[in-house]
Amino acid sequence: MKANEGTMDRGLRVVAGLALIALAATGTVGAWGWIGVVPLLTGVVGWCPLYTVLGINTCRR
């Protein structure tokens, strides 16, 4: 499992994930907001399985 997300990508994923989770927790967007767990986890880990399948890599080489 090699990192395939760059710093900016990871930061945006963490922020978006936290925002969606916060909106779901307050009842603003409903249960679908809990999907924010996915970008949060991929941002923290630095690896996205979809990027691997599509051959995308935002890391600097």
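**Exercise 1. Which residue forms a salt bridge with D9, and how far apart are the closest N and O atoms?**

Before we start: this is a predicted model, where local features need pLDDT of at least 70, side-chain atom pairs count only at pLDDT 80 or more, and totals for chains, interfaces and linings use all residues. Residues are numbered from 1 along each chain as its sequence is written, and side-chain values use heavy atoms, with hydrogens and water left out.

*Solution.*
- Step 1: get the term straight. A salt bridge is a side-chain nitrogen of Lys or Arg within 4 Å of a carboxyl oxygen of Asp or Glu.
- Step 2: look at D9. Its partner is R13, with 3.0 Å between the closest N and O atoms.
- Step 3: place the pair. R13 and D9 both sit in helix α1, four residues apart, about one turn of the helix. Helices here are DSSP runs of H or I, at least four residues, and strands are runs of E, at least two, numbered from the N terminus.
- Step 4: check burial. R13 and D9 are both buried, meaning under 20% relative accessible area (exposed is over 50%, partly exposed in between; 1.4 Å probe, protein chains only).

**Exercise 2. Find what joins E5, D9 and R13.**

*Solution.*
- Step 1: count. The whole structure has two salt bridges.
- Step 2: take E5. It bridges to R13, and the closest N and O atoms are 3.3 Å apart. Both E5 and R13 are buried.
- Step 3: go back to the D9 pair. R13 also forms a salt bridge with D9, and shared partners join E5, D9 and R13 into one network.

**Exercise 3. Describe how α1 and α2 pack.**

*Solution.*
- Step 1: know what to report. Two packed helices are described by the angle between their axes and the distance between the axes. Axes are lines fitted to C-alpha atoms, for helices over the stretch in contact, and angles run from 0 to 180 degrees between N-to-C directions.
- Step 2: read off the values. Helix α1 (residues 7-25) and helix α2 (residues 37-45) pack at about 150°, with axes 7 Å apart.
- Step 3: name the arrangement. α1 and α2 are therefore roughly antiparallel, the word for angles over 145 degrees (under 35 is roughly parallel, 65 to 115 roughly perpendicular, the rest oblique).
- Step 4: list who touches. Contact means heavy atoms within 4.5 Å. On α1 the residues include R10, R13 and V14, and on α2 they include V37, P39 and L40.

**Exercise 4. Is G33, in the loop between α1 and α2, buried or exposed?**

*Solution.*
- Step 1: find G33 in the loop that lies between α1 and α2.
- Step 2: check accessibility. G33 has 2% relative accessibility, so it counts as buried.
- Step 3: look for company. Leaving aside neighbours within four places in sequence, G33 is in contact with L20, I21 and A24.
- Step 4: try one distance. The C-alpha atoms of G33 and G17 are 8.8 Å apart, with their positions 16 residues apart along the chain.

**Exercise 5. Say which residues of α2 are buried, and what covers them.**

*Solution.*
- Step 1: P39, L40, T42 and G43 of α2 are buried.
- Step 2: their cover includes α1 and α3 (49-54).
- Step 3: move past the helix end. G46 follows α2, and its phi is positive, near 90°.

**Exercise 6. Sum up the chain.**

*Solution.*
- Step 1: the chain has three helices and zero strands, in the pattern α-α-α.
- Step 2: of its 61 residues, 28% are buried.
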